[in-house]
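Colleague: Please take a close look at a single helix for me. I would like to know what it packs against.

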Amino acid sequence: MTAPHNSVFTPMAAELPPNVTTDTVRSLNADLADDHVATLTGKNKAELAAIAAEARSQGIPLSIVVVPGNPGHDSSLRDLATEVGKTQHGTVVVFSDDWVGTYSDSISRVRLEWAEDAAKGTQGRSGEAASIFAARLETPESMSWTAITCALLGGTVAVIAGLYWVKTRRAGDDAGSMRTGSDRRASEGESSDARTL
C-alpha cells in the first residue's frame, strides 16, 4: 500500500513550543524591553543580560530568551524566535536545555546556523550557550562569500569567452582548409583530365 502524496509535500505549520501561548509571547516581549533577556525558567538573568549588552556594544542587536526543557521539535524554537522577532527587531536567540532557535533581520541564516551549532548541547547552561553564540556572531567572517561567488562567476564567463573564441577560430580555419582542399582537388581533377587526353 502506498502513502498518499498530498500530505507528504505540504509545509508544516509554524508552532510554538509546548506551554507557550500568544500571551506568553506578549509577556516575553515585555520582559525583553528592559534588559533584552527573558526567561521562562526563573534563572538568574544577570549573566545573560551582560552577554546581551556586550553583543549590543559590538553592534549586534541581540535579545535572549530561555525556555525550560526541550520542545518536541527544535524548529519550534525558531518559530518562537520568529514570533518574538516580529516586535523585537534585530537578532533573537531562544535557548532550551539542548537546542537553539534563532531569528534575525540583519544576519544571514548561514551565519546564525554556524553560531547555533556551537551553542547546542550545553545541557541547560544557558549562560555558556549564550556566550558561545554571541562570540561566534562577533567573530568576523573568515571569507567573503560574495567575493568567492564573484570570482567563480568571473572565471565561468572567462572560460565561456575563451571557448567561444576557440570555436570561432576553428570555424575560420576549417573554412579555409575546406577551400584549400577543394582547390587542391579541383587542380588534381584538371591534371587527371589533362592526362587522359
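Modeller: Here is a walk around helix H5 and the core it joins. This is a predicted model, where local features need pLDDT of at least 70, side-chain atom pairs count only at pLDDT 80 or more, and totals for chains, interfaces and linings use all residues. Residues are numbered from 1 along each chain as its sequence is written, and side-chain values use heavy atoms, without hydrogens and water.

Helices (H or I, at least four residues) and strands (E, at least two) are DSSP runs, numbered from the N terminus. H5 covers residues 126–138. Its 13 residues should span 18 Å at 1.5 Å a residue, and the end C-alpha atoms are 18 Å apart, which agrees. The expected span is 1.5 Å times one less than the number of residues.

Now the buried side. Buried means under 20% relative accessible area (1.4 Å probe, protein chains only). In H5, the buried residues are Ser-126, Gly-127, Ala-129, Ala-130, Phe-133, Ala-134 and Leu-137. They cover an arc of only 160 degrees around the axis, so they lie on the same side of H5. The arc is taken from the directions from the helix axis to the C-beta atoms.

What do they meet? The buried residues of H5 pack against helix H2 (46–57), strands S2 (62–66), S3 (91–95) and S4 (100–104), and helix H4 (109–119).

Leu-62 shows one such meeting. Beyond its neighbours within four places in sequence, Leu-62 is in contact (heavy atoms within 4.5 Å) with Phe-133 and Ala-134, among others.

Technical notes:
Buried < 20%, exposed > 50% of the residue type's maximum accessible area, 1.4 Å probe, protein only.
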